[in-house]
Amino acid sequence: MDSRNETESRHYRFLSEEHFAQLYATFIEAFSDYVFPFALTETQFRNHINVNGVDLNRTIGCIEDDRLIGFSLNGFGEWNGCSTMYDAGTGVIPPKRRLGIGKDMFERMLPGFIEQGIEQCLLEVVTTNTGAVKLYEQLDFHPIRELALLQCDHTFTSPKARPTDVEIRDLEKPDWLHLATLWDGQPSWQNSIDAQIRTHSLKRKLGAYIGDECVGYIVFSNNFGRLAQIAVGHKHRNRGIGSLLLKHMQSEIADGYSAQVINIDKALEGPMQFFRNRGFHERISQYEMLKEM
């Protein structure tokens, strides 16, 4: 097939729940050579869709000869007070790259989202993925911060003894307004409060209490050791509370998985040093990028 006929056989459309199986298969193929292993099971892919608020009816796909060859998973919600579309993964299968499909998908879907009142688009891209970074810059995205994925493959080290006046309890009904007062910075999209509410049943939430006061907490994925949020109130830091919470998480990690901190703001010197002191190392770095509509 010559390039003209190949282009004519290619079309774009929004998907639906009926396309889930095909979308999953294309997702796996598109990320098969990704710079960071991203081989999700079908259940994990469904969880990825849920945590990121993806709307399959507003997820665009590129179809060629009745086969889905590219996609952009689009999540929707509020971000810093603005109605936001979040790119939860844009991918094209290896044989069909460098044909402008990624750019075509964005140019076709964004005008409709603007009409729907979407004010901005948010995404993350690995800093070393220069081709993708260049594409997003051409689409008028700009970096707003740099995020790190940290990992610890061994038992956490802790410079502090276990605090004797602290009790770890389940957080069955988190008071998010209070917990947010413990933060040093804003979580990434997939670690936001909205994301934790969307995936309530899939997350473990533990609080560190002194009497009736919650002075720290941790949120992580069941079994997988993927940390979404951890914080300790400023006046209670440097007492071993954060380490105690991490150790509770580590005790629940299934065999074959390592503890990970997903997309922490690298500008947060205190939290970054906290994890380094406990044996975490950086796996990848990503730009969080924004496009105002």
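The following exchange asks how several descriptions of this predicted model are reached.

User: What makes the protein chain as compact as a globular protein of its length?

Analyst: The protein chain, with its 9 helices and 12 strands, has a radius of gyration of 21 Å, which is close to the 19 Å that the globule rule gives for 293 residues, and it is therefore as compact as a globular protein of that length. Taken along the principal axes, its C-alpha atoms fill a box of roughly 70 × 40 × 35 Å.

User: Which share of the contacts joins residues 24 or more positions apart, and how much of the chain counts as buried?

Analyst: Among contacts with a separation of 6 or more, 73% are between residues 24 or more positions apart, and 51% of the 293 residues count as buried. The protein chain exposes about 14,100 Å², with carbon and sulfur atoms supplying 48% of that area.

User: Why is R145 called buried?

Analyst: Buried means under 20% relative accessible area, and because R145 has a relative accessibility of 16%, it counts as buried. R145 is placed in strand β6, which covers residues 142-152.

User: What makes the approach of the R145 side chain to the backbone oxygen atoms of Q186 and P187 a pair of polar contacts?

Analyst: A polar contact requires N or O atoms within 3.5 Å, one able to donate a hydrogen and the other to accept it. The R145 side chain reaches the backbone oxygen of Q186 at 2.8 Å, while the backbone oxygen of P187 lies 3.2 Å from a polar atom of that side chain, and both distances fall within the cut-off. Beyond four places in sequence, R145 also touches other residues, including W79, D265 and E288.

User: How do you know whether F275 is buried or exposed?

Analyst: The relative accessibility of F275 is 3%, and since the limit for buried is under 20%, F275 counts as buried. This residue is found in helix α9, residues 269-277, and, leaving aside neighbours within four places in sequence, it is in contact with L150, L227, I230, L246, V261, I264 and F280. The C-alpha atoms of F275 and G117, which are 158 residues apart along the chain, are separated by 39 Å.

User: Why is A254 given an intermediate class of exposure?

Analyst: With a relative accessible area of 29%, A254 lies between the 20% limit for buried and the 50% limit for exposed, and is therefore partly exposed. A254 sits in the loop between α8 (241-250) and β11 (259-265), and its C-alpha is 8.7 Å from that of N222, 32 residues apart in sequence.

Key. Residues numbered from 1 in each chain as written. Predicted model: local features only at pLDDT ≥ 70, side-chain atom pairs only at ≥ 80, totals over all residues. Heavy atoms only, no water. Helix = DSSP H or I, 4+ residues; strand = E, 2+ residues; numbered from the N terminus. Rg over C-alpha atoms; globule rule 2.2 N^0.38 Å. Buried < 20%, exposed > 50% of the residue type's maximum accessible area, 1.4 Å probe, protein only. Contact = heavy atoms within 4.5 Å. Areas by Shrake-Rupley, 256 points an atom, 1.4 Å probe, with all protein chains shown as cover.
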